[in-house]
Amino acid sequence: YAMKGNLLDFYRDEMRERKEFGYPPFKIFIKITYQGEKLVAEKEMAKLSDLLAEWSPRVYPSLAEKTGTYKINALLALERDKWIDENLLRILRSLPPSFTVEVDPESLL
C-alpha cells in the first residue's frame, strides 16, 4: 500500500482486520502484570485469573525481563460498551502494588 500511496485501502484493511481479531479501537485491552519471584508470581496470577474468570483473561509470561525478576501478564479484551464495568473496576482497584494495571497498554509484551 505504501509503495502505491494507497493509504485509504490500507486503512480499510487495517480496520477490518482489527475488528475481526478483536483489537483496538474495537476492543479495550487491559493488561495486568505481576512482578516477583516466579513461583509466587504464577500462584498470584492463577488466583487473579480465577477472580477475573468472567472476563476470560489470557495469561502469559512477559518477554521483557530486564530486572532479573519474573513478570507474568493477564490480558483482558473488553467490548467498548462493557468498560467501565463497576465490578471489574472494584477488583482492579483492590489489587496490591505488586500488580500493575494498564488500560490500552502501549505494548502487550
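Is R18 buried, partly exposed or exposed? R18 counts as partly exposed, with 26% relative accessibility. Keep in mind that what you're looking at is a predicted model.

R18 has a charged partner: E14. The two side chains form a salt bridge, and their closest N and O atoms sit 3.0 Å apart. Why can E14 and R18 pair up along the chain? They're four residues apart in helix 1 (residues 7–21), so about one helical turn separates them. E14 is partly exposed as well, at 25% relative accessible area.

That's one of seven salt bridges in the structure. Here are three of them side by side:

| Salt bridge | Closest N to O distance |
|---|---|
| E14 and R18 | 3.0 Å |
| E17 and R16 | 3.9 Å |
| K47 and E44 | 3.1 Å |

Now hop over to helix 2, which covers residues 38–51. Both K47 and E44 lie there, three residues apart, and that's about one turn of the helix. Their side chains meet in a salt bridge, with 3.1 Å from N to O. K47 is partly exposed, with a relative accessible area of 47%, and E44 is partly exposed too, at 22%.

Salt bridges can also link up into a group. By sharing partners, they join D13, R16, E17 and E20 into one network. Within that network, E17 bridges to R16, and the closest N and O atoms are 3.9 Å apart. How much of each is accessible? E17 comes out at 35% relative accessibility, which counts as partly exposed, while R16 is partly exposed with a relative accessible area of 43%.

Terms used: Residues are numbered from 1 along each chain as its sequence is written. This is a predicted model: local features need pLDDT of at least 70, side-chain atom pairs count only at pLDDT 80 or more; totals for chains, interfaces and linings use all residues. Side-chain values use heavy atoms; hydrogens and water are left out. A salt bridge is a side-chain nitrogen of Lys or Arg within 4 Å of a carboxyl oxygen of Asp or Glu. Helices (H or I, at least four residues) and strands (E, at least two) are DSSP runs, numbered from the N terminus. Buried means under 20% relative accessible area, exposed over 50%, partly exposed in between (1.4 Å probe, protein chains only).
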